[in-house]
Amino acid sequence: MTPGYREHRTPSGLRVLVETNPDALSAAAGFFVATGSRDEAPEVEGVSHFLEHMCFKATKRRDALAVSRALDELGSRANAYTSWDRTVYFAQVLPEHLRAVIELLAEMIDPALSDEDFATEKNVILEEIEMYNDRPEFLLFEALMAERFHGHALSGRILGTRESITNLEAAAMRAYHRARYRSSNLVLAVAGRCDAEEVFRWADALPAIGDGAGAPAVSPAPAVRRGDARVSRPQDQLVHAVLAWSGPTCADVRASYAAGILGILLGDAEGSRLAWALTHPGIAESVGAGLLPFRDTGLLYVSWSATPGRVAEVESILAGELARLVAAPPEGAELERARTKFAARTILGSESPMNRMRGLGTEAVQGLPYLSLDDELALLLSIEPGEVVAVAAGLAAPPENRACIGPLEETR
Amino acid sequence: MSTPERERLVETLPSGVKLAVERLPSVQSAAFTVLVPLGSAHDPAGRSGRAALLCEMMLRGAGGRDARALTEAMDALGMERDVDHGADALTVSGSLLARDLDQGLALARDILLDPSLSEEELEPAREGCLLELMGIEDNPSEKLFVELRRRYFPHPWGQPLKGDEAGLAALTCDDLRQAAHLLGPRGAVVAVAGRVDPRAVRDRVADLFARWPAEGVEPVTGSAAAEALSDHVPKEGGAQVQIGMAWPGLPLDHPDYPKAALAATILSGGMSGRLFVEVREKRGLVYSVHAWHTTRRGRGDYFVYAGTTPDRAAECLAVLRAELEGLARGVTAAELEKARTQARSHFVMRLESTHARADAMAAQLHEIGRVRTPDEVLEALGAVTLEDLNRWLATRSLDGLRTLTLGPDWREGGR
């Protein structure tokens, strides 16, 4: 078991990435499918996420309960998620079960997609939609995406809508699966206590998924639309708001790291400029700032929540702090503290095989080069103040989008 | 299944503080949890929220540093930190690079034993706590458990952890100083896990936590019945009905505790647990349903959560109830083996996290006065036979079960 990173491609076109840590007690494996809500036609809004659920139901070899039992009998911590550009199926296990869980996940992502499972699971998806309807912070971000990327699939709801899910048919899902789930469109990432050669052999033996004929379509780059979204929820106590500007894409790795430092400096829960200006004095309930990068667009955001009576005050203070980013740019001890927090979180996070695996797979799906922990830290340490200032300069202009949700009629 | 051999030191320091240190040689981090037995159950009448406000104020200046200097000192170390509390304990915890542990512990000591509690920070801190209450109002699943705890736990254990508006409004700096001056080594616990030298940590902790304001917090004595309140909390505008249930389990040092834990896994471990299968997979009634068993000093309790739309709530409750009752009729060998594998596996995976390990050791020292070694935990799980488990399950009644719903009115005839 040699520590470090190795890559491999199986005969069926599956990319396999393995990062070995002999000191870990467990191993984590994930299949990253390069498809998500941005790849959906409007009439199948929510199909990627619904399909994610269906991959936990009957496969071609066993029924849904047998799949669940198998995952649990391996003692796994297993789950999945759907994002705009990827759908990920993952599990963490003790090393002796790694092969079995990789084979099981591979079987699961080529499911039976039966009409019966589809009908029952539709109800679960509808319940999930209602659950998120009770979470205003979640709805806020959806409102932002809907406004900013209007006319592009990035504007759609990852979960779909009551209407789109109710109308979705199993045949449409099967077609989507055939088009998007292919060995050449997947990455298998494994991290922790594992042997790369063994994992490559196991991966080589996995059945191919899809017929490998041609590559799936790549969704076009979105245009950004300026504009505001307001969602009134009189039943809420707090107003939640988010502002957005254009920022670096995934491909600009240095700028992404600079944006990460900036996000901590500007909007971290404690010790940031917005925390001192807004949450520490009890004016806002929460603040946040960061980068949401895609392969072909990037979004810098600042978010906050407050009572309706404080909204005007928060907006005024926030405007002042954004102006101050230019007048008193990030540098010196303040910048170093943000960098240190970023570095410490990276190091602490690296002690979890699950975190390392997720980073491996996400980077691969987004077309980024592999970075070891040492590479990440070296990159982080090398970021110049000027690079952080350059990202911050993007926030000097008026935001391209504003979204807010809550008891808006009461705001002063 | 074997666990790594880890050097561990568990002892009671001369001051009376209990200490546990576990060495993980292959990580870069260290994590600590300092615990004192002061929680929201100690909030005096009319001052509900004292523990919450104290936690908030502790990070706003300590050891002669004001809020900014304290925050910058912690940020300069890149230390992740939290000051939090439950019903019967308050914790100061941190994770950082192992080489900075000494400084991190010194800051934790200042936060706990030398907080500034200054007048100028009181109003913003109070406002922060009130805003947190509003956030809970907007989060129906969180609000559900505030209300369930009030109805389930005897008073004062069911008092809202984060307090109430009236209590928070009434609290003064003097109230907070009085609380801070109750702290003492009796019942205090320090746990550390990471790339550390246990003896060096012991010497450092003994030195830092030698002097306290008092002997220690008096345990809460006596309890009144839980509040007699309705079974449904109406809340307008919600999309889902929140369902919560609670019933008695077992404390950590009870000889049957492993059975109680395994029963929870059979009910709700993974996607083949009984609740997930019956409520979600087969009937599609929910997205979210789960059960868990949690312990505190002297007791353990089961909880269930589910969220469903109003027209499904009656069926959801019926299925949940049936499953809880069904457990008394026994489990299969396959279910037990699966639960055993899950419990052991998850336990070993948690050993990878210095933060999780420090928290677990602190909780155990607090609840049962000692640390359960990994071997002990795995052996206890392995020792439960099917006959023992089923015999135990057959004796369990649901007499103490409390059920609560929150949200839109789903009840037949309601509205």
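Trainee: Which elements are included in what covers the buried residues of α1(A)?

Mentor: In this predicted model, the buried residues of α1(A) are Val47(A), Ser48(A), His49(A), Phe50(A), Leu51(A), Glu52(A), His53(A) and Met54(A). Eight of the eight residues of this helix are buried, so α1(A) is largely enclosed by the rest of the structure. The cover includes, from chain B, α10 (274-281), and from chain A, β4 (77-82), β5 (87-93), α4 (115-132), α6 (162-167) and α7 (170-180).

Trainee: Is Ser37(A) buried or exposed?

Mentor: Ser37(A) belongs to the loop between β3 (27-33) and α1 (47-54) of chain A. Neighbours within four places in sequence aside, Ser37(A) is in contact with Ser48(A), Ser83(A), Trp84(A), Ala153(A) and Ile158(A). Burial requires under 20% relative accessible area. The relative accessible area of Ser37(A) is 2%, so this residue is buried.

Trainee: Which helix gives the largest share of the largest nonpolar core?

Mentor: The largest nonpolar core has 58 residues, and those touching the most other members are Phe31(A), Tyr89(A), Leu98(A), Ile102(A), Met173(A), Val190(A) and Val199(A). The largest share of this core is seven residues, and they come from helix α3 (residues 98-108) of chain A.

Trainee: How many residues are in the other core that lies apart from it?

Mentor: Among the members of that other core are Val17(B), Met57(B), Cys129(B) and Val201(B). In soluble globular proteins, nonpolar side chains tend to be buried together. The size of this separate core is 57 residues.

Trainee: Are α1(B) and α7(B) roughly parallel or roughly perpendicular to each other?

Mentor: The axes of helix α1 (residues 50-58) and helix α7 (residues 173-180) of chain B come within 10 Å and cross at roughly 90 degrees. Angles of 65 to 115 degrees count as roughly perpendicular. The relation between α1(B) and α7(B) is therefore roughly perpendicular.

Trainee: By class, which residues has the contact of α1(B) with α7(B)?

Mentor: From α1(B), the contact is made by Arg50(B), Leu53(B), Leu54(B) and Met57(B). From α7(B), the participants are Cys173(B), Asp175(B), Leu176(B) and Ala179(B). By class, this contact has six nonpolar, no polar and two charged residues.

Trainee: Within what arc do the buried residues of α2(B) fall?

Mentor: Helix α2 (residues 67-76) of chain B has Ala67(B), Leu70(B), Thr71(B), Met74(B) and Asp75(B) as its buried residues. Seen down the axis of α2(B), these residues line one face of the helix, because they fall within an arc of 130 degrees.

Trainee: Which residue with a positive phi follows α2(B)?

Mentor: The phi in question is near 65 degrees. The residue that follows α2(B) with this positive value is Gly78(B).

Key:
Residues are numbered from 1 along each chain as its sequence is written. Chains are lettered from A and ligands numbered from 1 in the order in which they are written. This is a predicted model: local features need pLDDT of at least 70, side-chain atom pairs count only at pLDDT 80 or more; totals for chains, interfaces and linings use all residues. Side-chain values use heavy atoms; hydrogens and water are left out. Axes are lines fitted to C-alpha atoms, for helices over the stretch in contact, and angles run from 0 to 180 degrees between N-to-C directions. Helices (H or I, at least four residues) and strands (E, at least two) are DSSP runs, numbered from the N terminus. Angles under 35 degrees count as roughly parallel, over 145 as roughly antiparallel, 65 to 115 as roughly perpendicular and the rest as oblique. Contact means heavy atoms within 4.5 Å. Ala, Val, Leu, Ile, Met, Phe, Trp, Tyr, Cys and Pro count as nonpolar, Asp, Glu, Lys and Arg as charged, and the others, Gly among them, as polar. Buried means under 20% relative accessible area, exposed over 50%, partly exposed in between (1.4 Å probe, protein chains only). The arc is that of the directions from the helix axis to the C-beta atoms. A nonpolar core is a set of buried Ala, Val, Leu, Ile, Met, Phe, Trp, Tyr and Cys residues joined through side-chain atoms within 4.5 Å.
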